[in-house]
Amino acid sequence: MDAHLISDAQRRYPDGTAVEARFQIPGPGFSVTVLFGPSGSGKTTVLRLLAGLERADRGSIHFGGTAWSDADRGVHLPPQARDLGFLPQAYHLFPHLSVTANLGYGLVSLTARERTVRIEELLLLLDLKGLEDRRPGELSGGQQQRVALGRALARRPRLLLLDEPLSALDRPSQLRLRKELRELLRTLDIPTVLVTHDRTEALQLGDRLVVMDQGRVCQSGDIQQVFDRPTDPAVARILGVETVVRGRVESVSEGMATVSVGSARILAADPGSLGQQAFLCIRGEDVAVERGCGPSSGTTARNRLPARITALHPEGSLMRISLDCGFPLESLVTRQACLDLHLAEGDQVCAILKAAAVHLIPHD
Amino acid sequence: MDWEAIRLSLWLATLTTVALLILGLPLAYWLAFSRRRWKFLVEAVVAMPLVLPPTVLGFYLLMAMGPRSPLGRAWESLFGSTLPFSFEGLLIASVLYSLPFMIQPLAAAFAAVDRGLIEASWCLGESRLRTFLRVIAPLSWAGILTGLVLSFAHTLGEFGVVLMVGGNLPGRTRTVSIAIYDQVQAMEYAPAARTAALLLGVSFLVLAFTYALRRHQRKPWTLI
């Protein structure tokens, strides 16, 4: 990989805790790297290390060949010299300035004319026309979010840092803006590092995933790879136990979507705003296993997939069955049910799941 | 009424306030944002005039300005005059005496500005100085106004330090408060009462104006 941002830095705190920022992102064009993990895992600190708001006391951060930070050589570029766009979680819009002045705040090096043009572009791009003279206190949460994003984008930075960009919004706005945000970032063609603790948001917005826990980077890489092959139980716990696979949307009709995954086709409820690609999330509890895969006589489950058992793992009173049905699928059943059916590795079975239990996340 | 003393007092208060603003902005900024371990020592020194008797402060200032001190000698060789019992000496004394009345409101206001706003400005490429001018100062206007008014009013009303450092030279160091004292000593109660009433009125009006402004400040930036 031709890495554009190479970060291998650490910040230690007096109480003995430490946060490490150890990952790379390709560049310099569009890509979204998601820092993902539970709250308190150090995601925001990593973002602040990248922004130069925190000083690393070990390791280095290189961006596009320039040393932003190098603890051994005493190098620490201040935020002003890093040419980045930072969207803080609480937005931090300047309360005494209008929308226009907030958007144009970082554009002092431009002529008045260029500045006006740039602000006009942003107002159009972010659907903020008519709000030019409002103060941040007179805006809705969604409008504030767009102004803050616009302010971060205004200088056409070389790297965009977004800290939980949608978390301050109500649920409907979140869902709407998720789709818009990825489209926007693609249009702008800027590498982006985004912090979130919401798995759906990570899957919908991200290309690459950096999983963090207790200040440590547990795993990083392509989003599908990380979900497919968590390197250790901590990652699996953070990601959740579901099967997550990428699929191609074949058709959508009457609220139901047909998605092909590997050699299988799966029927799922249409979440709206589906494009060409989507992630399917399936919880192990929702997958039943049957012997024989003939046509069903009487069940409401819409998906019956021929599958082979690749592994059986007891988990307390439950049994985790790893299945191969054209893609890897996990099923969680009681141990007794497993014994009754005499299930063993290599058996040909039928995996059954309701369309309503397949959670689709658009990802284009 | 002693119009000469009134004019002198107003002029002294104005110059003191201006000097304190110039001195106070960087010092208050440092006090608000520095993480030095010995910052508390500077804070204590700045607050000293609040608790020291004016005569004690005046005594030390008189010693420091005297012809045998380095400051006094330097001043004399530069300007050919001595500091004690001069308007310039009085100005220096006033600045020190009113220091906490400027610094404390400023530092409190600066420290109250959301750190996230300052960092947002840095990330948008603005230097620390420009961030101060564009974000911190505008958001601290109430504190700056309070500092200006308190410094002005406090200088207008000072007595002990003036007596120690300035003496009582008409037209040069005799301020309103000294004039009132003189009048009372000379049993001239009528002019003393008029001058005192004037000082009372001015002080009340200035403070009332300030608090009214603060009360009616429109704060569209009280978010969330």
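Which residues does Glu315(A) touch, not counting residues up to four places away in sequence? In this predicted model, the contacts of Glu315(A) are with Arg320(A) and Leu332(A). Glu315(A) belongs to strand β17 of chain A, which covers residues 303–315. The residue has a relative accessibility of 37%, so it counts as partly exposed. A long span separates Glu315(A) from Gly106(A): 209 residues in sequence and 55 Å in space, C-alpha to C-alpha.

Chain A contains 9 helices and 21 strands. Its C-alpha atoms fill a box of roughly 75 × 50 × 35 Å along the principal axes. The chain has 364 residues, and 53% of them are buried. Among contacts with a separation of 6 or more, 64% join residues 24 or more positions apart. The accessible surface of chain A is about 15,800 Å². Carbon and sulfur atoms hold 49% of that surface. Charges in chain A number 42 positive and 43 negative. The mean positions of these two sets are 3 Å apart.

Chain B is built from helices, with 11 helices and 0 strands. Read from the N terminus on, its elements run α-α-α-α-α-α-α-α-α-α-α. The C-alpha trace spans about 65 × 45 × 30 Å along the principal axes of chain B. Of the 224 residues in chain B, 43% are buried. Residues 24 or more positions apart supply 71% of the chain B contacts with a separation of 6 or more. About 11,900 Å² of chain B is exposed, and 69% of this area comes from carbon and sulfur atoms. Chain B carries 18 positive and 11 negative charges. Their mean positions lie 11 Å apart.

Helix α1 of chain A was examined for burial. This helix spans residues 43–51, and 8 of its 9 residues are buried, so the rest of the structure largely encloses it. The buried set in α1(A) includes the charged residues Lys43(A) and Arg48(A). Thr45(A), Val46(A), Leu47(A), Leu49(A), Leu50(A) and Ala51(A) are also buried in this helix. An α-helix has 3.6 residues a turn, so residues three or four places apart point the same way. After α1(A) comes Gly52(A), which has a positive phi near 90°.

A further buried site in chain A is Ser31(A). This residue is found in strand β3, residues 31–36. Its relative accessibility is 6%; a residue is called buried under 20%, so Ser31(A) falls in that class. Leaving out residues up to four places away in sequence, Ser31(A) touches Pro26(A), Ile190(A), Pro191(A), Thr192(A) and Asp207(A).

Backbone geometry was considered next. Most residues other than glycine have a negative phi, and most peptide bonds are trans. Glu254(A) is not a glycine, yet its phi is positive, at about 50°. The residue sits in the loop between β12 (243–253) and β13 (256–261) of chain A. Glu254(A) has a relative accessibility of 82%, and therefore counts as exposed. Chain B offers a case in Met187(B), which is not a glycine and has a positive phi of about 60°. Met187(B) lies in the loop between α10 (176–185) and α11 (189–215) of chain B. With a relative accessible area of 61%, Met187(B) is exposed, because the cut-off for that class is over 50%.

Internal space was also analysed. Rolling a probe the size of a water molecule over the atoms shows where empty space is left. The structure holds 2 cavities of 30 Å³ or more. The largest cavity contains about 80 Å³ of space. Its lining is formed by Lys179(A), Arg182(A), Glu183(A), Gln204(A), Ser273(A), Pro362(A), His363(A) and Asp364(A). Helix α5 of chain A, residues 171–188, gives the largest share of this lining, with 3 residues.

Conventions. Residues are numbered from 1 along each chain as its sequence is written. Chains are lettered from A and ligands numbered from 1 in the order in which they are written. This is a predicted model: local features need pLDDT of at least 70, side-chain atom pairs count only at pLDDT 80 or more; totals for chains, interfaces and linings use all residues. Side-chain values use heavy atoms; hydrogens and water are left out. Helices (H or I, at least four residues) and strands (E, at least two) are DSSP runs, numbered from the N terminus. Buried means under 20% relative accessible area, exposed over 50%, partly exposed in between (1.4 Å probe, protein chains only). Contact means heavy atoms within 4.5 Å. Accessible areas come from the Shrake-Rupley method with a 1.4 Å probe; for residues, only the protein chains shown count as cover. The place of a charge is taken as NZ of Lys, CZ of Arg, CG of Asp or CD of Glu. On a 1 Å grid over the protein atoms alone, a cavity is a set of points where a 1.4 Å probe fits but cannot get out, and a pocket is an open set with protein on both sides within 12 Å along at least five of seven lines; lining residues have an atom within 4 Å of a point. Grid points are joined across faces, edges and corners, and a volume is the space filled by probe spheres set on the points.
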